[in-house]
Amino acid sequence: MRQMKGKTKETNKQKKERKREFLENKKNVFKIVLPTAAAIFLLIVVYVYVKTRPKQMMEY
């Protein structure tokens, strides 16, 4: 069977499904990506703080 040239027409059902998936992905950004990015940023800040703080000198 020959392939039709150009884009295939999207049905209403496919269009609604695509939009629903897009909204789910948008919600997942706030649930997964942002907390993960915040945790990584916090680890970097703590690491830099620990490495750059002045060393305490022991006095007798």
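Accessible areas were calculated by the Shrake-Rupley method with a 1.4 Å probe, and for residues only the protein chains shown count as cover. On this basis, the protein chain exposes about 7,100 Å², of which carbon and sulfur atoms supply 63%. The structure is a predicted model, in which local features need pLDDT of at least 70 and side-chain atom pairs count only at pLDDT 80 or more, while totals for chains, interfaces and linings use all residues. Residues are numbered from 1 along each chain as its sequence is written, and side-chain values use heavy atoms, with hydrogens and water left out.

The fold is simply described. One helix and zero strands make up the secondary structure of the protein chain; helices (H or I, at least four residues) and strands (E, at least two) are DSSP runs, numbered from the N terminus. Of the 60 residues in the chain, 0% count as buried, where buried means under 20% relative accessible area, exposed means over 50%, and partly exposed lies in between (1.4 Å probe, protein chains only).

Helix α1 has 41 residues and should span 60 Å at 1.5 Å a residue, which agrees with the 59 Å between its end C-alpha atoms. The expected span here is 1.5 Å times one less than the number of residues in the helix. Along the way, α1 has a kink of about 40 degrees centred on V29, the bend at a residue being the angle between axes fitted to the seven residues ending there and the seven starting there.

Turning to the charged side chains, a search of the whole structure finds three salt bridges, each defined as a side-chain nitrogen of Lys or Arg within 4 Å of a carboxyl oxygen of Asp or Glu. One of them pairs E10 with R18 at 2.9 Å, N to O. E10 is partly exposed at 34% relative accessibility, and R18 is partly exposed at 46%.

R20 takes part in a salt bridge with E17, with the closest N and O atoms 2.8 Å apart. These two residues both lie in helix α1 (residues 12-52), three residues apart, or about one turn of the helix. R20 also meets E24 in a salt bridge (2.9 Å, N to O), and E24 and R20 are separated by about one helical turn because they are four residues apart in α1. Salt bridges with shared partners thus join E17, R20 and E24 into one network. An α-helix has 3.6 residues a turn, so residues three or four places apart point the same way. Within the network, E17 is partly exposed at 33% relative accessible area, R20 at 41% and E24 at 41%.
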